[in-house]
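Biologist: Please take one part of this model and go through it closely, and add what belongs beside it. I would like one connected account rather than a list.

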Amino acid sequence: MDLTKLNKAQLDAVETLDGNLLILAGAGSGKTRVITYRIAYLIEKGVLPSRILALTFTNKAAREMRERLEDLLDKRDTFMWIGTFHSMCLRILRSNIDKLNYEKDFVIYDTYDQNVLVKECMKAEGISDKIKPSFFISKISELKNTLKPIDLNDEVKADKTMTQIVKVYQRYQSRLFSNNALDFDDIILCTIRLLQEFSEVREFYQEKFLHVLVDEYQDTNYPQYVLIKLLSGKYHNLCVVGDDDQSIYTWRGADIRNILEFEKDQKDTKVIKLEQNYRSTETILNAAHDVIAHNIGRMDKKLWTKNGKGEAVCIKKLYSEKDEGIWVAKEIAGLIRNQGYCANDIAVLYRANAQSRAIEDAFVLNDVGYRVYGGMKFYDRREIKDLLSYLRVISNTGDNVSLKRIINVPKRGIGAKTIEKLEEYAEHTGKSIYEYLLQEPLTEISTKQRATLKHFIEMMETFRSMTLLLPLDELIVNVLNNTGYVAELKAEMTEEANNRLENLNEFLSVAKDFYENKEAEEGLSDFLANISLVTDQEEEDGEGKISLMTLHSAKGLEFEVVFMVGMEDGIFPVAGAVYNEMQLEEERRLCYVGMTRAKQLLYLSYATTRTLYGKTDFKILSRFVKDIDKKYLVGDLEDAYVKKETASLYEKYREKYKLQVRSKSEEEGTNEIQEISLGSKVRHKVFGAGTVVAQEKGVYTIVFDTKGIKKIDTKYVQLEVIELKF
């Protein structure tokens, strides 16, 4: 293994073998190289591969890490645990979940399955179907990830909505258990339960994993933090790699405190900063640093590069979003025609999906080929969902959600009312629908439907027996042919039907690949688990086309040329962030991520008027652009001024995240001046609760919930802080 390819900081990170290690890896600093070299170096120094656990967030990242390791270790089979949090937890659960009273052939419910189940729970609780199941799914996930038990205590009962959420949650969880199913949150939560409640399980895995490595640590949530701490609790050889400046997933539950407080949380931590950037030009990095340096909640670092100064960042002012789209299209055409760039080299990034419309319209008019990154995933297509439901029922007869999806697909004359009755009868007997159909005489069903249902169950039982005899792809061919699914599609003789048949054929390739590469003990349930873990990143490349995507989708990617459009206050940062310092900091990190995707050229454009969501507004240049020193900019600079802050709120709070009170003399007021960060919730004795939106020398502008906007001087009136924002 050639370590001369590493720079000094990278080499230090690779050769630091023992103890807790925080690797702060800035954008484009080679973090994947470092983490793979570190694993290879551990093995070279005698650590058994089976005693190393490496966790990532996507299957794509795990696959890339494994491939790089194979190259470094001369294709040696390492038998190492490299994978996502969910795939690692699944391996633990497959061996131990019976301790939690689940069967080992449990299935995983995805978003579709959750929607079906939550709808049923809502109906059982008498909740209006005008409320979308996604609302309850989101709230249930939030409650689960607190890791706290939820019950109907007096506080919950006082809130009607919360009462409904808890009731649906409890019924939903009960039905998941009776279906022998887990949702994605449960995969991690059940693993935590096993480690916390069963000492023999905890001690086994703590002993097994001498070294634990975590990639993208800034994106971990609270349960993942707890899980990592449990697994590394014996040897304390925990290495986390991440960048606090690229933490942009709070809305998914990511907690930036995990990385900011790692030194305090883990004893004797060594911190190594990877600050040499191999991607971008000097100018792009300096401009991006000007933006991110305004964040209070960050660890001190600044990227540098040997790539040269490069071109200035281009600022472009347009009249409307239509003009912006046309300008982008023409600028791209010029770059391709005159400067030798390829379409694949270029990306257009925007804050909200709705912004793509104007860009797409302009691209179509100007004959610019493009792809919108993030279309419908392969496994979300109807025909694939149908086939997966068949396989899930074959694997787990207790899966009522999947059974109800395919019991009349293709059409068998089994209507919704019949299915509803079957579920009611089955639930009354304490059986799954499948068990009820298999074991009961069905005397309450019409003779015709009884025969149809009996034929269906006999067919499914045949498929179940095939799982022991046939390779996975052959089983799937039998399912598709014997159910009549393929015949029905062929009979349609439409282009759509042909596309669906092609997708089913592609699925056979997936099954065949799994069968050929599976471990001896892996079967249908493991195949289904792997399918459930496929992530958004695994998409077609879209060669020869400009990439259009949201800023969130751009993380982890890089392009020669990047256009960031809609750089206006209210668009980016979003309007709500202006009054919430924590949210504003995340928006600023998102801007930093977007800027550091660019290797050679970076364009920032904005419109003075924008029609979005059916409403036209006047716009001003984003404050993020105003943070950039003029020496790094070129173009329409009249609005892009730079105003250096002196005694700003940022500097006051840079060192401490807590309420501070400073003393003042008696003549300045009867109270001590309060220091309260923007976005904090406060309570006034007369005006009630409100949100702090501005402050100057202890005088706060507050939007009260019921009394409108007031200015309060805290020298004379003390405010109760309900929720402090940082």
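Modeller: In what follows, two residues are in contact when heavy atoms of theirs lie within 4.5 Å, and everything described here belongs to a predicted model. With that cut-off, and leaving aside its neighbours within four places in sequence, Gln173 has contacts with Lys144 and Asp186. Gln173 is part of helix 8, which covers residues 160-178, and its side chain makes a polar contact, at 3.1 Å, with the side chain of Asp186.

The sheet can now be taken in turn. It is an open sheet of seven strands with parallel pairing, and the strands follow one another in the order 11-12-10-13-14-9-17. Strand 11 (370-372) and strand 17 (633-635) form the edges, and because each has a single partner strand, one side of each is left without a neighbour in the sheet. On average, neighbouring strands of this sheet are turned by 25° against each other, with direction ignored. At the edge formed by strand 11, three bridges connect this strand to strand 12 (residues 546-550), the two running parallel, and Val372 stands opposite Leu548 of strand 12.

Two helices that pack on the sheet complete the picture. Helix 15 (residues 321-338) touches strand 9 (313-318), strand 10 (346-350), strand 12, strand 13 (559-564) and strand 14 (598-607), and its direction makes about 155° with that of strand 14. Helix 27 (residues 581-595) packs on the sheet by touching strand 10, strand 13 and strand 14, while its direction makes about 140° with that of strand 13.

Terms used: Residues are numbered from 1 along each chain as its sequence is written. This is a predicted model: local features need pLDDT of at least 70, side-chain atom pairs count only at pLDDT 80 or more; totals for chains, interfaces and linings use all residues. Side-chain values use heavy atoms; hydrogens and water are left out. Two strands pair if DSSP finds at least two bridges between them. Helices (H or I, at least four residues) and strands (E, at least two) are DSSP runs, numbered from the N terminus. Axes are lines fitted to C-alpha atoms, for helices over the stretch in contact, and angles run from 0 to 180 degrees between N-to-C directions. A polar contact is a pair of N or O atoms within 3.5 Å; within protein, one must be able to donate a hydrogen and the other to accept it, and residues adjacent in sequence count only if both atoms are side-chain atoms.
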